[in-house]
Amino acid sequence: EIEMPIVIFGGDYYLNNGKWIIDNYVINRYSRQYEDLGQIIENIYRVLLSRGRHGMILYIPFMDKFNETYKFFLDMGIQSF
């Protein structure tokens, strides 16, 4: 557990048309090393997004490919600053 983690969406995992997408660079780089890369990436983000004891700082860059991801978190009730 961490007091307040900072989670940054850096382009490797994002929502597109209601589906979580793994960036092609990540797939090309790591798919040979791991049998189920999609599950591993999903688990990484689940752990990062669920371990804050006092909250979380979530950074989503202002880029078109992150618009749906940003809206997803806003709809869940995360405050935007």
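**Exercise 1. A loop residue**

Work out whether Asn17 in this predicted model is buried or exposed, and find where it sits.

*Solution.* Start with the accessibility: Asn17 comes out at 70%. Exposed means over 50%, so Asn17 counts as exposed. Next, place Asn17 on the chain: it falls in the loop that joins β2 (13-16) to β3 (19-22). Finally, check the backbone. Phi of Asn17 is near 55 degrees, a positive value, and this residue isn't a glycine. For context, most residues other than glycine have a negative phi.

**Exercise 2. The overall layout**

Find how many helices and strands the protein has, and in what pattern they follow one another along the sequence.

*Solution.* Count the elements to begin with: you should get 3 helices and 4 strands. Now walk along the sequence, and the pattern reads β-β-β-α-α-β-α. For dimensions, the C-alpha trace spans about 40 × 30 × 15 Å along its principal axes. Last, look at burial: 21% of the 81 residues count as buried.

**Exercise 3. A salt bridge between loops**

Which parts of the chain does the salt bridge of Asp23 and Lys65 tie together?

*Solution.* First confirm the contact: the two side chains meet in a salt bridge at 3.8 Å, N to O, against a cut-off of 4 Å. Then locate the partners. Asp23 belongs to the loop between β3 and α1 (24-30), while Lys65 belongs to the loop between β4 and α3, so the bridge ties together parts 42 residues apart in sequence. As for exposure, Asp23 is partly exposed at 22%, and Lys65 is partly exposed too, at 31%.

**Exercise 4. Salt bridges within helices**

Of the 4 salt bridges found in the whole structure, take Arg46 with Glu42 and Asp75 with Lys71, and work out how far apart in sequence the partners are.

*Solution.* Take Arg46 and Glu42 to start: their closest N and O atoms are 3.6 Å apart. These two residues sit in helix α2 (residues 37-50) with a spacing of 4 residues, which means about one helical turn lies between them. Arg46 is partly exposed at 45%, and Glu42 is partly exposed at 34%.

Now turn to Asp75 and Lys71, where the N to O distance is 2.8 Å. Here the helix is α3, and again the spacing is 4 residues, about one turn. Asp75 is exposed at 57%, but Lys71 is partly exposed at 48%. The line between those two classes is 50%.

**Exercise 5. A nonpolar patch**

Which residues make the nonpolar surface patch of about 500 Å², and which elements give it two or more residues?

*Solution.* List the members: Met4, Ile6, Ile8, Ile57 and Tyr59. Map them onto the elements, and β1 (6-8) and β4 each give two or more. Then check one member: Ile6, in strand β1, has a relative accessible area of 58%, so it is exposed.

**Exercise 6. The largest pocket**

Describe the largest pocket: what is its volume, and what kinds of residue line it?

*Solution.* The volume is about 350 Å³. There are 13 lining residues, and those closest to the centre are Leu58, Tyr70, Gln79, Ser80 and Phe81. Next, sort the lining by type: you get 11 nonpolar, 2 polar and no charged residues. To finish, ask which elements contribute: β4 (57-59) and α3 (67-75) supply at least two lining residues each.

How values were computed. Residues are numbered from 1 along each chain as its sequence is written. This is a predicted model: local features need pLDDT of at least 70, side-chain atom pairs count only at pLDDT 80 or more; totals for chains, interfaces and linings use all residues. Side-chain values use heavy atoms; hydrogens and water are left out. On a 1 Å grid over the protein atoms alone, a cavity is a set of points where a 1.4 Å probe fits but cannot get out, and a pocket is an open set with protein on both sides within 12 Å along at least five of seven lines; lining residues have an atom within 4 Å of a point. Grid points are joined across faces, edges and corners, and a volume is the space filled by probe spheres set on the points. Ala, Val, Leu, Ile, Met, Phe, Trp, Tyr, Cys and Pro count as nonpolar, Asp, Glu, Lys and Arg as charged, and the others, Gly among them, as polar. Patches are made of residues with over 30% relative accessible area and no salt bridge: like charges are joined within 9 Å, nonpolar side chains (Val, Leu, Ile, Met, Phe, Trp, Tyr) within 5 Å. Accessible areas come from the Shrake-Rupley method with a 1.4 Å probe; for residues, only the protein chains shown count as cover. Buried means under 20% relative accessible area, exposed over 50%, partly exposed in between (1.4 Å probe, protein chains only).
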